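Hi,

Here is the structure I promised to send over. Have a look at it first, and then read on for what turned up.

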Amino acid sequence: MSIKLNALFSDSYVDISQYRDQHFKGNRYEQEKLLKQSCTLYVGNLSFYTTEEQVHELFSKSGDVKRIIIGLDKVKKTACGFCFVEYYTRADAENAMRFINGTRLDDRIIRTDWDAGFKEGRQFGRGKSGGQVRDEYRQDYDPARGGYGKLVQKS
């Protein structure tokens, strides 16, 4: 009986995913604790052309946005397809996880995930070419993310 009752309290939309930032400064326990308290979301699969204003317009529908940090290519200093959205309250961030994750923004299906909290320097892509790692290995042509993947462009 208790298994069924626990299901009533489960909210898979706001659960913490299996992904962990490998560059997190601290141990697994500290990271888990921060993720469970966080008001910051990582937003991925953005078009390189999506503006901060577009992100704000969408994410402010679930609550008061404190700030938005657009992810940048560390070499070119141009948008590279992700951002961080920080809310004033956990409840507003949870609403964004429930209602915005998987929706379309700028004709792309975006995904949201909990972030342990933005720290300066994390706004830069971690790929060898400056952008996101996933864009280096992409085989398909994606005009909203710079065309072909970086490794395909070189060959």
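In what order do the elements of the protein chain run from the N terminus on? The order is α-α-β-α-β-β-α-β-β-β-α-α, which comes from six helices and six strands. Keep in mind that this is a predicted model.

Some overall numbers to start with. The protein chain has 155 residues, and 43% of them are buried. About 9,500 Å² is exposed, with carbon and sulfur atoms supplying 54% of that area. If you take the contacts between residues at least 6 apart in sequence, 63% of them join residues at least 24 apart.

Now the inside. In soluble globular proteins, nonpolar side chains tend to be buried together. Here the largest nonpolar core has 22 residues, and the members that touch the most others are L41, V55, F59, V85, Y87 and I110. At least two residues of this core come from each of β1 (40–44), α3 (52–59), β2 (65–72), β3 (79–87) and α4 (90–99). Another core lies apart from it and has six residues, including I69, C80, F84 and F118.

Y87 is worth a click if you want to see who meets whom. Leaving aside neighbours within four places in sequence, Y87 is in contact with C39, L41, F59, S62, G63, D64, V65, K66, D92, A93, A96 and I100.

Three of those contacts bring us to α4. Which residues of α4 are buried? They are R90, D92, A93, A96 and M97. These residues lie on the same side of α4, because they cover an arc of only 165° around the axis. An α-helix has 3.6 residues a turn, so residues three or four places apart point the same way. As for partners, the buried residues of α4 pack against α2 (28–37), β1, α3, β3 and β6 (111–115).

You will probably want the pocket next. The largest one has a volume of about 710 Å³. Its lining counts 27 residues, and the closest to the centre are Y19, D21, Y42, R122 and R126. α2, β3, β6 and α5 (133–137) each supply at least two residues of the lining, and β6 gives the most, with four.

From that central set I looked at R122, which sits in the loop between β6 and α5. Is R122 buried or exposed? R122 counts as buried, because its relative accessibility is 19% and the cut-off for buried is under 20%. Not counting residues up to four places away in sequence, R122 touches D21, F82, F84, D115 and G117. One of these, F84, is 38 residues away along the chain, with 9.4 Å between the C-alpha atoms of F84 and R122. F84 is also one of the residues of the six-residue core.

Last, a bit of backbone to check. D106 is in the loop between β4 (104–105) and β5 (108–109), and D107 lies in that loop too. Phi of D106 is near 55°, a positive value in a residue other than glycine. D107 is not a glycine either, and has a positive phi of about 65°. On the surface side, D106 counts as partly exposed because its relative accessibility is 32%, whereas D107 is exposed, with a relative accessible area of 64%.

Cheers

Terms used
Residues are numbered from 1 along each chain as its sequence is written. This is a predicted model: local features need pLDDT of at least 70, side-chain atom pairs count only at pLDDT 80 or more; totals for chains, interfaces and linings use all residues. Side-chain values use heavy atoms; hydrogens and water are left out. Buried means under 20% relative accessible area, exposed over 50%, partly exposed in between (1.4 Å probe, protein chains only). Contact means heavy atoms within 4.5 Å. Accessible areas come from the Shrake-Rupley method with a 1.4 Å probe; for residues, only the protein chains shown count as cover. A nonpolar core is a set of buried Ala, Val, Leu, Ile, Met, Phe, Trp, Tyr and Cys residues joined through side-chain atoms within 4.5 Å. The arc is that of the directions from the helix axis to the C-beta atoms. On a 1 Å grid over the protein atoms alone, a cavity is a set of points where a 1.4 Å probe fits but cannot get out, and a pocket is an open set with protein on both sides within 12 Å along at least five of seven lines; lining residues have an atom within 4 Å of a point. Grid points are joined across faces, edges and corners, and a volume is the space filled by probe spheres set on the points.
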